[in-house]
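User: I have this model open beside me and would like a close look at one part of it. Could you start from a single side-chain contact and work outwards from there, in plain words?

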Amino acid sequence: MRHRFEFGVVLLAVSILGLVLAERLQYVEERNEQIQVRLAVRLLDAAVRIRMAELLIANDAQTIERLRQENPFDWLSPQLQNYAGARTAQQLQGREDVAQGRWYFDTTRHEAVYTVLNGSHFSSRSGSRLIRYRVQVIASGRRLEGARIEVVEQYNWF
């Protein structure tokens, strides 16, 4: 009888430790995803700034104006491993779960979009699990000064 009790206590302790470990692993996975998203945004921002510099050097004002509509993922080399490609409005209609944990380019809105996979600590104003960025061209009057990636809808993650 005593061995059964000891076995039960050990089993309970191992179960509790397993639950704590599983919870911590989920937290670490989500934190890792957040860091990967931040890194991807920095890479996209660098690609946008390099592309803008190339166009400014070439004095190509027409292409600079179209910069807002171009896919910034096309300027990355090598491509992000979790990039799912460009998507049209028809492909995305009514589906928020497209390619969870992956990036795609929304060709209708001209936005780089990330779908959050592990979002226990994620919130946005709309309640969506999408993180949206777009290319913003910076100008002072008629003088073009640069470009960058900007978030479309503010969100909190941790």
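Analyst:
**From one serine into the sheet, and on to the long helix**

At 3.0 Å, the side chain of S128 reaches the backbone nitrogen of L130. Please keep in mind as we go that this is a predicted model.

S128 itself belongs to the loop between β4 (122-124) and β5. Is S128 buried or exposed? Its relative accessibility is 11%, and because buried means under 20%, S128 counts as buried.

The other end of that contact leads us straight into the sheet. L130 is the bridge partner, in β5, of T115. The two strands β3 and β5 pair in the antiparallel sense, over four bridges. On to β2, then: strand β2 (residues 103-106) and strand β3 (residues 111-115) also pair in the antiparallel sense, over four bridges. One of the residue pairings here joins Y104 with V113, its bridge partner in β3.

Now step back to the whole sheet. Five strands make up an open sheet, in the order β1-β2-β3-β5-β6, and the pairing is mixed. Which strands lie at the edges? They are β1 (83-87) and β6 (143-151), and each of them pairs on one side only. On average, neighbouring strands of this sheet are turned by 20° against each other, if direction is ignored.

β3 deserves a longer look. In a regular strand, side chains alternate between the two faces of the sheet. In β3, E111, V113 and T115 point one way, while A112 and Y114 point the other way. How much of β3 is covered? Five of its five residues are buried, so the strand is mostly covered. Y114 also has aromatic company: together with F73, Y83, W103 and Y133 it forms one aromatic cluster.

Just before β3 comes a residue with an unusual backbone. Most residues other than glycine have a negative phi, and most peptide bonds are trans. H110, though not a glycine, has a positive phi of about 60°. Where is H110? You will find it in the loop between β2 and β3. These two strands form a hairpin with four residues between them. With a relative accessibility of 25%, H110 counts as partly exposed.

The loop between α2 (61-66) and β1 holds another backbone feature, at P78. Here the peptide bond from S77 to P78 is cis, with omega near 5°.

Next, what lies across the sheet? Helix α1 (residues 2-57) lies across β2, β3, β5 (130-140) and β6, and it runs at about 165° to β6. Several residues of α1 are worth a visit. N32 is one of them, being found in helix α1, and its relative accessible area of 40% makes it partly exposed. The C-alpha atoms of N32 and I138 are 32 Å apart, with their positions 106 residues apart along the chain.

Q34 is in helix α1 too. At 4% relative accessibility, Q34 counts as buried. Which residues does Q34 touch, leaving out those up to four places away in sequence? They are W157 and F158.

F158 brings several threads together. It is found in the segment after β7 (155-157), and its phi is near 80°, a positive value in a residue other than glycine. A relative accessible area of 35% makes F158 partly exposed.

The ring of F158 also takes part in an aromatic pair. A pair of aromatic rings is described by the distance of the centres and the angle of the planes. A search of the whole structure finds seven aromatic pairs. In one of them, the rings of Y27 and F158 have centres 5.2 Å apart and planes at 85°, so the pair is edge-to-face. Why does the pair tie together separate parts of the chain? Because Y27 lies in helix α1 and F158 in the segment after β7, the pair joins parts that are 131 residues apart in sequence. Y27 is partly exposed, with a relative accessible area of 24%.

Finally, look for arginines over both of these rings. The charged end of R24 sits over the ring of Y27, 4.6 Å from its centre. Over the ring of F158 sits the charged end of R31, 3.9 Å from the ring centre.

Notes: Residues numbered from 1 in each chain as written. Predicted model: local features only at pLDDT ≥ 70, side-chain atom pairs only at ≥ 80, totals over all residues. Heavy atoms only, no water. Pairing = 2+ DSSP bridges. Axes fitted to C-alpha atoms, helices over the stretch in contact; angles between N-to-C directions. Contact = heavy atoms within 4.5 Å. Buried < 20%, exposed > 50% of the residue type's maximum accessible area, 1.4 Å probe, protein only. Phe/Tyr/Trp six-rings, centres within 6.5 Å; stacked < 30°, edge-to-face > 60°. Lys NZ or Arg CZ within 6 Å of the ring centre and 35° of its normal. Polar contact = N/O pair within 3.5 Å; in protein donor to acceptor, adjacent residues only side chain to side chain.
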